[in-house]
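Subject: Structure for you, with notes

Hello,

Here is the structure I promised to pass on. My notes follow below it.

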Amino acid sequence: MAYESFKISMSNIKIQDSFGHTPSVMVNKDQQPSFGLILYTRFQAPPRADVVNSLKNGIVLNLLGMGAAVLGMQATVGFLVAKALTTSSNPFYQGASAGSSSHVLALDVFLVQSSANTILPHFLGLVCSLELLRSVTISPNESIPAPKMA
C-alpha cells in the first residue's frame with residue numbers, strides 16, 4: 001500500500017505528548033487513518049539507590065579491570081626485559097634454534113601497547129563513573145565551589 005502523508009484535523013481527537021505536540025497521521029488510499037506508533041510512554045527515572053549501586057559496581061569493575069591490565073603489562077614488560085637481557089650476551093646467529101625467537105621483536109612491543117590501550121578506557125570509565133556518582137549524590141542546594149584566583 002502506498003501511503004501519502006496528510007495532516008488530519010484533530011479537533012475531536014486530543015492526542016498530545018508531554019510537550020503538547022500532536023502526532024501526524026498517515027492516511028492510506030482508502031482514506032482510512034493509520035496511526036502507526038502514537039503511543040507515548042512517560043520516562044520514569046530509576047530510584048536513586050539503584051543508580052548509586054550501579055555506579056559503585058561500575059567503579060569496582062573498572063578498578064579490577066585496570067588492576068588486571070597493570071599486572072598483565074608488568075608481567076609482559078618483565079618478560080621482555082628478561083628476554084632482552086638474556087639475548088644480549090649471545091651473538092645474533094649463534095645459539096638459537098630455527099623455530100624459536102629469543103630476541104625482542106618489534107611485535108613484542110605491541111603487547112605492552114595493547115595493555116596500555118586497555119588501561120586508558122578503564123581509567124576514562126572510572127573518571128566518568130566517579131563524576132556521575134558525584135552528580136547523583138550531590139544535593140540540589142549544594143553549590144560547586146568555584147576556584148579563586150590568588
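His122 touches Leu61, Asn62, Gly65 and Met66, leaving out residues up to four places away in sequence. Please keep in mind that this is a predicted model. His122 sits in helix H2. Leu61, one of its contacts, belongs to helix H1. The two are 61 residues apart in sequence, yet their C-alpha atoms are 8.8 Å apart in space. Leu61 counts as exposed, because its relative accessibility is 58% and the cut-off is over 50%. Asn62, Gly65 and Met66 are among the buried residues of H1. His122 also has a C-alpha separation of 9.2 Å from Ala69, which lies 53 residues away along the chain.

Ser115 is a second place to look. This residue is in H2 as well, which covers residues 106–137. Is Ser115 buried or exposed? Its relative accessible area is 13%, so Ser115 is buried; the limit is under 20%. Beyond its neighbours within four places in sequence, Ser115 is in contact with Ala69, Gly72 and Met73. Ala69 and Met73 are themselves on the buried list of H1.

Now the helices as a whole. H1 takes in residues 48–87. Its 40 residues should span 58 Å at 1.5 Å a residue, and the end C-alpha atoms are 58 Å apart, so the two values agree. H2 has 32 residues, with an expected span of 46 Å. Its end C-alpha atoms are 48 Å apart, which agrees.

Which residues of H1 are buried? They are Val52, Leu55, Ile59, Asn62, Gly65, Met66, Ala69, Met73, Thr76, Leu80, Lys83 and Thr87. An α-helix has 3.6 residues a turn, so residues three or four places apart point the same way. Read the list with that spacing in mind. What do the buried residues of H1 pack against? They pack against H2.

The buried set in H2 is Asp108, Ser115, Ile119, Leu126, Ser129, Leu133 and Val136. H1 is included in what covers them.

How do the two helices meet? The axes of H1 and H2 come within 8 Å and cross at roughly 160°. Angles over 145 degrees count as roughly antiparallel, and H1 and H2 are therefore roughly antiparallel to each other. The crossing of H1 past H2 is left-handed. Sorted by class, this contact has 23 nonpolar, 10 polar and three charged residues.

Last, the overall picture. The protein has two helices and three strands. From the N terminus, the order is β-β-β-α-α. How much of the protein is buried? Of its 150 residues, 18% count as buried. Among contacts in the protein with a separation of 6 or more, 58% join residues 24 or more positions apart.

If you open one view, start with His122 and its contacts Leu61, Asn62, Gly65 and Met66. Then go along H2 to Ser115, with Ala69, Gly72 and Met73 in contact with it.

Best wishes

Terms used
Residues numbered from 1 in each chain as written. Predicted model: local features only at pLDDT ≥ 70, side-chain atom pairs only at ≥ 80, totals over all residues. Heavy atoms only, no water. Helix = DSSP H or I, 4+ residues; strand = E, 2+ residues; numbered from the N terminus. Buried < 20%, exposed > 50% of the residue type's maximum accessible area, 1.4 Å probe, protein only. Contact = heavy atoms within 4.5 Å. Expected span 1.5 Å × (residues − 1). Axes fitted to C-alpha atoms, helices over the stretch in contact; angles between N-to-C directions. Parallel < 35°, antiparallel > 145°, perpendicular 65-115°, else oblique. Left-handed = near helix turned anticlockwise from the far one by under 90°. Nonpolar A, V, L, I, M, F, W, Y, C, P; charged D, E, K, R; others polar.
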